[in-house]
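Here's a structure to get to know for the first time. Take a look around it, and then read on for a short tour.

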Amino acid sequence: MSVVLGLGGRPDAPAQELLTLAAAALAEHGLDPAAVSLVTTLDRRAGAEAVLALAAASGAPVQPVAVETLAAQPCPTPSGRVLAAVGSPSVAEAAVLACGGRLLGPRRASRAWTVAVGALPAAGRPDAVRVTATPPHPEDR
């Protein structure tokens with residue numbers, strides 16, 4: 001199975017916290033970290049140190065997703081707080097869905113990060129994601 005990890009988090013959130021959360025989320029589903037073929041998140045978080053650290057540890061590329069694409073995904077656990085912060089009611093789960101993944105269960109959250117685990121079709125569908133430039137968000141300055 002090809003696995004996609006969808007990530008949501010605060011700017012400058014700790015990398016170790018994300019690595020620990022992702023490992024726990026994969027273990028919960030009985031998945032080997034080597035099965036991760038894609039890491040995906042909100043475009044303005046794609047270059048975050050923690051996201052890049054997880055991608056490097058997984059040997060997977062990072063797929064940034066525009067907020068408009070995230071907002072269009074039918075997610076099981078929308079959040080008003082996340083909507084107010086980034087403009088989409090979901091980031092982690094929506095990112096998995098935007099890449100053509102199927103959610104394997106509920107998202108997992110820590111203090112600063114949220115991780116959703118999904119299964120990709122054989123070849124994945126990162127080409128299905130509409131990536132657009134997004135102006136910097138005030139909280140990212």
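What follows is a walk through the overall layout, the cores, the largest pocket, the salt bridges and one loop residue.

Before anything else, keep in mind that this is a predicted model. The protein is built from five helices and six strands. If you trace the sequence from start to end, you get the pattern β-α-β-α-β-α-α-α-β-β-β. Buried residues account for 49% of the 141 residues. Among contacts with a separation of 6 or more, 67% are between residues 24 or more positions apart.

Now to the inside. In soluble globular proteins, nonpolar side chains tend to be buried together. In this model, the largest nonpolar core has 22 residues, and L5, L7, W113, V115 and V117 have the most contacts inside it. Strand 1 (2-9), helix 1, strand 2 (36-42), helix 2 (49-58) and strand 6 each give two or more residues to this core. Helix 1 supplies the largest share, five residues.

L7 is a good place to zoom in. Leaving aside neighbours within four places in sequence, L7 touches L18, V39, T40, T41, L42, V51, L54, V91, A92, T114 and V115. Apart from the largest core lies another one, with 19 residues, including V4, L42, V82 and V91.

Next, the open space. The largest pocket has a volume of about 410 Å³. It is lined by 23 residues, and G8, G9, R81, V82 and T114 are the closest to its centre. Strand 1, helix 4 (80-86), helix 5 (92-98) and strand 6 each give two or more residues to the lining, with helix 4 giving the largest share, four residues. Sorted by class, the lining has 10 nonpolar, six polar and seven charged residues.

How many salt bridges are there? The count comes to two, and here they are side by side.

| Salt bridge | Closest N to O distance | Separation along the chain |
|---|---|---|
| R111 and E17 | 3.7 Å | 94 residues |
| E28 and R108 | 2.5 Å | 80 residues |

The R111 and E17 pair links distant parts of the chain: R111 sits in the loop between strand 5 (108-109) and strand 6 (113-120), while E17 belongs to helix 1 (residues 15-28). Is R111 buried or exposed? R111 is exposed, because its relative accessible area is 61% and anything over 50% counts as exposed. Its partner E17 counts as buried, because its relative accessibility is 19% and the cut-off is under 20%.

The E28 and R108 pair also links distant parts of the chain, with E28 in helix 1 and R108 in strand 5. E28 is partly exposed, with a relative accessible area of 44%. R108 is partly exposed too, at 28%.

One last stop is a proline in a loop. P76 is found between helix 3 (67-71) and helix 4. With a relative accessible area of 56%, P76 is exposed. Which residues does P76 contact, leaving aside its neighbours within four places in sequence? They are E93 and L103. P76 and L103 are 27 residues apart along the chain, and their C-alpha atoms are separated by 9.5 Å.

Technical notes. Residues are numbered from 1 along each chain as its sequence is written. This is a predicted model: local features need pLDDT of at least 70, side-chain atom pairs count only at pLDDT 80 or more; totals for chains, interfaces and linings use all residues. Side-chain values use heavy atoms; hydrogens and water are left out. A salt bridge is a side-chain nitrogen of Lys or Arg within 4 Å of a carboxyl oxygen of Asp or Glu. Buried means under 20% relative accessible area, exposed over 50%, partly exposed in between (1.4 Å probe, protein chains only). A nonpolar core is a set of buried Ala, Val, Leu, Ile, Met, Phe, Trp, Tyr and Cys residues joined through side-chain atoms within 4.5 Å. Contact means heavy atoms within 4.5 Å. On a 1 Å grid over the protein atoms alone, a cavity is a set of points where a 1.4 Å probe fits but cannot get out, and a pocket is an open set with protein on both sides within 12 Å along at least five of seven lines; lining residues have an atom within 4 Å of a point. Grid points are joined across faces, edges and corners, and a volume is the space filled by probe spheres set on the points. Ala, Val, Leu, Ile, Met, Phe, Trp, Tyr, Cys and Pro count as nonpolar, Asp, Glu, Lys and Arg as charged, and the others, Gly among them, as polar.
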